[in-house]
Amino acid sequence: MENGKDIARWQIICGEYAGPERRATDILYGEMAPYAPIPRILVANVAATATNLDTYNLVLVGTRQSNPLIAKLVAEEDVPANGYLVRVIDSPFGENLQVVLLVGYTATESIYAACNFLYHF
């Protein structure tokens, strides 16, 4: 609670914190941080074993291959070839939470997904 208001808690979970996925993650963090407290950026292989996914709204960035959480939530045919997917869903990990899915066909397209999300949402 900040200034008497509930502030949504967010985590950004990227498939790899390197190359294009790192750039997508950094862009998201830079644009979201002034509006929502983001406690940390996690890499998917660490987050997949985390026990606190039920306490945060999540932004999942990457590809189905790099991020096992994305692979659980997005079917292969949902990501267009040489394209990207932007989707907001109710979290399967906890009540009253959301998951933002920013999925690229390749890591490069994850940057486009992040920018599309920031521009339209």
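1. A quick definition before anything else: buried means under 20% relative accessible area, exposed means over 50%, and partly exposed is what lies in between. R9 has 43% relative accessibility, so it goes down as partly exposed. Keep in mind throughout that this is a predicted model.

2. Staying with R9 for a moment: it sits in the segment before β1, the strand that covers 10–14. Setting aside neighbours within four places in sequence, R9 is in contact with P37, T55, Y56 and N57. With one of these, Y56, there is a polar contact from side chain to side chain at 2.8 Å. R9 and L97 are 88 residues apart in sequence, yet their C-alpha atoms are 9.3 Å apart in space.

3. On confidence, the protein chain averages a pLDDT of 88, and 88% of the residues score at least 70. By element, strand β4 (residues 84–90) has the highest mean pLDDT, 98, while helix α2 (residues 44–47) has the lowest, 71. I'd look at the start of the chain with some care: over residues 1–6 the pLDDT stays under 50, and the model has two contacts for that stretch beyond four places in sequence.

4. Now the sheet. It is open, with five strands in the order β2-β1-β3-β5-β4 and mixed pairing. β2 (41–43) and β4 are the edge strands, each pairing on one side only. From one strand to the next, the twist averages 15°.

5. Two helices pack on that sheet. Helix α1 (residues 19–32) touches β1, β2, β3 (57–62) and β5 (98–104), and its direction makes about 150° with that of β3. Helix α4 (residues 107–120) touches β3, β4 and β5, with its direction at about 55° to that of β4.

6. β1 deserves its own point. On one side, β1 runs parallel to β2 and is joined to it by three bridges. It also runs parallel to β3, this time with five bridges. For particular pairs, I13 stands opposite L42 in β2, C14 has V43 in β2 as its bridge partner, and Q11 is partnered with L58 in β3.

7. Which way do the β1 residues point? W10, I12 and C14 point one way, Q11 and I13 the other, and all are buried. That fits the usual picture, since in a regular strand the side chains alternate between the two faces of the sheet. The strand as a whole is mostly covered, with five of its five residues buried.

8. Next, the nonpolar packing. The largest nonpolar core has 15 residues, and I13, L58, L60, V74, L101 and V103 are those with the most contacts inside it. β3, α3 and β5 each supply at least two residues of this core, and β5 gives the most, with three. A second, separate core has 14 residues, including A24, A36, V100 and A113. As background, nonpolar side chains tend to be buried together in soluble globular proteins.

9. L101 is a handy residue to click on if you want to see the first of those cores. Not counting residues up to four places away in sequence, L101 touches L60, L73, V74, L85, V86, R87 and I89.

10. The loop between β4 and β5 holds two residues worth a look, starting with S91. Is S91 buried or exposed? With 10% relative accessibility, S91 counts as buried, because that is under the 20% cut-off. Its side chain reaches the backbone nitrogen of F93 at 3.0 Å. Beyond four places in sequence, S91 touches L97, Q98 and V99.

11. The other one in the loop between β4 and β5 is N96. N96 is not a glycine, but it has a positive phi of about 60°. Its relative accessibility is 78%, so N96 counts as exposed.

12. If you're checking backbone torsions, add N82 to the list. This non-glycine residue has a positive phi, near 60°. N82 lies in the loop between α3 (68–73) and β4. At 60% relative accessibility it is over the 50% cut-off, which means that N82 counts as exposed.

Key. Residues are numbered from 1 along each chain as its sequence is written. This is a predicted model: local features need pLDDT of at least 70, side-chain atom pairs count only at pLDDT 80 or more; totals for chains, interfaces and linings use all residues. Side-chain values use heavy atoms; hydrogens and water are left out. Helices (H or I, at least four residues) and strands (E, at least two) are DSSP runs, numbered from the N terminus. Buried means under 20% relative accessible area, exposed over 50%, partly exposed in between (1.4 Å probe, protein chains only). Contact means heavy atoms within 4.5 Å. A polar contact is a pair of N or O atoms within 3.5 Å; within protein, one must be able to donate a hydrogen and the other to accept it, and residues adjacent in sequence count only if both atoms are side-chain atoms. pLDDT is the predictor's confidence in each residue, from 0 to 100. Two strands pair if DSSP finds at least two bridges between them. Axes are lines fitted to C-alpha atoms, for helices over the stretch in contact, and angles run from 0 to 180 degrees between N-to-C directions. A nonpolar core is a set of buried Ala, Val, Leu, Ile, Met, Phe, Trp, Tyr and Cys residues joined through side-chain atoms within 4.5 Å.
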